[in-house]
Amino acid sequence: MAHRSPSPSPAPVDSTDLLAPSLCLNPDAIADLAPVQPSEHNLLPSTFPTLTWSEQSSLHRNVSLGEKRLCYRHRPDLRSKRAADEFQLEELQQDIKLLPSQDQQIISHIWSLFGSAPASHRQLVLSGLLTQCCVPQLSFLSNHLQPLLRIDFLTILPPEISLRILSYLDATSLCHAAQVCKSWRRLADDDVVWHRMCEQHIGLKCTKCGWGLPLLEKKKVRAKRQEEIAQTQVRPLQIDTSASSHPPSPSPSISPSSPTFPARRRSTSSDLEADSRTAKRARHGSRSPSPSYDSNDYPAPLFQSPVPPVKPEGTTKRPWKEIYSERLIVERNWRKRNYRVKQFRGHTDGVMCLQFDDSFLITGSYDNSVKVWNIETGECLRTLTGHALCVRALHFDEAKLITGSMDRTLKIWNYHTGQCIRTLQGHTDGVVTLDFDSRILASGSVDATIKIWNFATGQCSTLKGHSDLVNKVQIYKKDFLFSTSDDTTIKFWDIASRTCLQTFTGHVGRVQCLQTSGDALISILANRHHGKFAALETASHGSNNAVVSRARATSPAYESSSSDSETRTTRSIVVTGGLDNTLKIWDAETGACLNTLFGHEEGVWSLAFDKLRIVSGSLDKTIKVWDTESGECLYTLSGPEGPVTCVGLGDTKVVGGSADGSVFLWDYGAHM
């Protein structure tokens, strides 16, 4: 038998040409596809047939090489993140080393052929292998294919799309996503995602999860007010003096040095309930004349605002995630009733009015004094004296404090120094309520009138329409005003024309308190049929449809039906409280009664609200916290030993003043 001459040894094989895949043309991927690299020691023996692909397949592969197409599993920028694949390859290496050398070479050559094959050939090879696999082998493939088919979509997608996807997650899911890996954490903590999260929750209730977070932006509000005050040219309010059917009649003015009126102490709920009528009857026969000032009585501005401090440059912006987390802690405290109670004592008689911000709490009392407190420490910084009778109303901003008293006067103070800057006289009876903005001051009195004072020009005009004492006034959108009275009505006024545009009726007792949402739109759940009926009922009370339409046009409402009997509306609202033991929520533009809140056992004397909560103080010695949207009573705060005569609401605080002279503060941000 003739001996066959030994075939020449094969030329050294270029491992790159042998193993480079057609779909994964990255040279770094060779290690993944060929765990056993060809070398001088593990090349196929001369007796082993050398197999190569045809020229056509090689040409197709070369075309693919030119296209430089990379699959997800072998992209160079993603290889370092596939630690699981690398661990599996190490296990394969260990298993192959246990095989005989020839078996290692055969397996290596099979992998090399598969790696260098075109895509169509690979599919044919796999299809043939699958037809020869038994059930255990198919099960093995099924278990190993699932993790290999998982794709890190956030990493391979453009950042803009990844951030868009993450913006649809809730806060809990975002925090979980941030724990996956560093790349996910970088995306999940991005300001774009958390800014959208804050937009959905801060200052309103999220339609998906039902949670809302407090604003916590008192500093921004104060900065905005300072900018308004800093304007050199204040737009004067144009008042049509000829439109009033009650022209002012000059009469002798009341001097600040007039004889002191006898003070009366009111400390029981029955006394408070009869306060206004008793005060009116007591002074009806001995009422001295007092002037109604026209535009020439105060030729100079009522108050010169100081120049606000310059804002520091280079302020650091906080991450939106940190802002969200801060507000979430506060909201959890509100829901879990996690608060700290603080008490302020110093007044010797009932506290009738209060207001606070981040730094100060100012209270007015039946002891004829006004006290300025440090709201954090509880220290009484100063006591303002000058009124001859009890202080029933106060309001302050960064520059000034204005108080109204039963001695028929209003006083403007610099509460930082305690100096009384000016005394305004004009009402013929005690001043019960006041409100002001950057342009005008409005005050309501036992004499059933409302006076509008212009800071810039010194003009004063009078609004008449109530038949009993005015308990509350509030300026609405700069050009309008709401007022409540003992005549059980709420009136909506146009300040410029000095006319009543609409009268809201519904309370069966004296209306003691009122607050509007201003320019903010509030989401509420209202009874649809009740709203329609109330709208028809109150439409007949309007006296100037054209002006009412102009006011309504500034606050478009959004409605989305949730059921046949309820609808979620987003609009400007007015909340009122009366001695009929109820609170009512009204549509500020149409006058429709949207909801009535029952829960207090005695008359509601004071209230305050924001987009999330309503707080109300009552003669039953309690403060109730309500959900603004649904009107549900969340819980009751107790502490005062006397009737609650005034309340204030902040993002983290509730403050209540009592007829026993005490002031209580519930701080929900103390545990942040």
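In this predicted model, isoleucine 362 has a relative accessibility of 0% and therefore counts as buried, a term that stands for under 20% relative accessible area, with exposed meaning over 50% and partly exposed in between (1.4 Å probe, protein chains only). Isoleucine 362 belongs to strand β3, which covers residues 360-365; strands (E, at least two residues) and helices (H or I, at least four) are DSSP runs numbered from the N terminus. With neighbours within four places in sequence left aside, the contacts of isoleucine 362 include Cys353, Leu354, Val370, Val372, Leu394, Phe396, Leu401 and Tyr415, where contact means heavy atoms within 4.5 Å. Tyrosine 415 is 53 residues away from isoleucine 362 along the chain, yet their C-alpha atoms are separated by 9.1 Å.

The model is a predicted one, in which local features need pLDDT of at least 70 and side-chain atom pairs count only at pLDDT 80 or more, while totals for chains, interfaces and linings use all residues. Residues are numbered from 1 along each chain as its sequence is written, and side-chain values use heavy atoms, with hydrogens and water left out.

Across the protein, 18 helices and 31 strands are assigned, and 48% of the 672 residues count as buried. Among the contacts with a separation of 6 or more, 58% are made by residues 24 or more positions apart. The accessible surface amounts to about 33400 Å², and carbon and sulfur atoms hold 54% of that surface, as computed by the Shrake-Rupley method with a 1.4 Å probe.

The UniProt record, an unreviewed entry, lists "repeat: WD" for several spans, including residues 344-383, 384-423 and 424-463; annotations of this kind may be inferred rather than shown by experiment. Residues 344-383 are 57% strand and 0% helix, with their end C-alpha atoms 14 Å apart, and residues 424-463 are 60% strand and 0% helix, with a corresponding distance of 17 Å.

One open sheet contains four strands in the order β6-β7-β8-β9, with antiparallel pairing, two strands being paired if DSSP finds at least two bridges between them. Because β6 (391-396) and β9 (419-425) stand at the edges with a single partner strand each, one side of each has no neighbour in the sheet. From one strand to the next, the twist averages 20 degrees, the axes being lines fitted to C-alpha atoms, for helices over the stretch in contact, and the angles running from 0 to 180 degrees between N-to-C directions. Strand β8 (residues 409-414) is joined to β9 by six bridges in an antiparallel arrangement, and threonine 409 lies opposite glutamine 425 of β9.

Another open sheet of four strands follows the order β18-β22-β23-β24, also with antiparallel pairing. Its edges are formed by β18 (511-516) and β24 (593-598), each of which has a single partner strand, so one side of each is left without a neighbour in the sheet. Five bridges link β23 (residues 582-587) to β24 in the antiparallel sense, and tryptophan 586 is found opposite cysteine 593 of β24.

The largest nonpolar core comprises 19 residues, and those with the most contacts inside it are Leu166, Leu174, Trp194, Met197 and Tyr324; such a core is a set of buried Ala, Val, Leu, Ile, Met, Phe, Trp, Tyr and Cys residues joined through side-chain atoms within 4.5 Å. At least two residues of this core come from each of α9 (159-166), α10 (171-177), α11 (182-188), α12 (191-201) and α16 (320-336), and α12 supplies the largest share, four residues. Leucine 166 touches Leu154, Leu174, Leu187, Ala188 and Val193, residues up to four places away in sequence not being counted.
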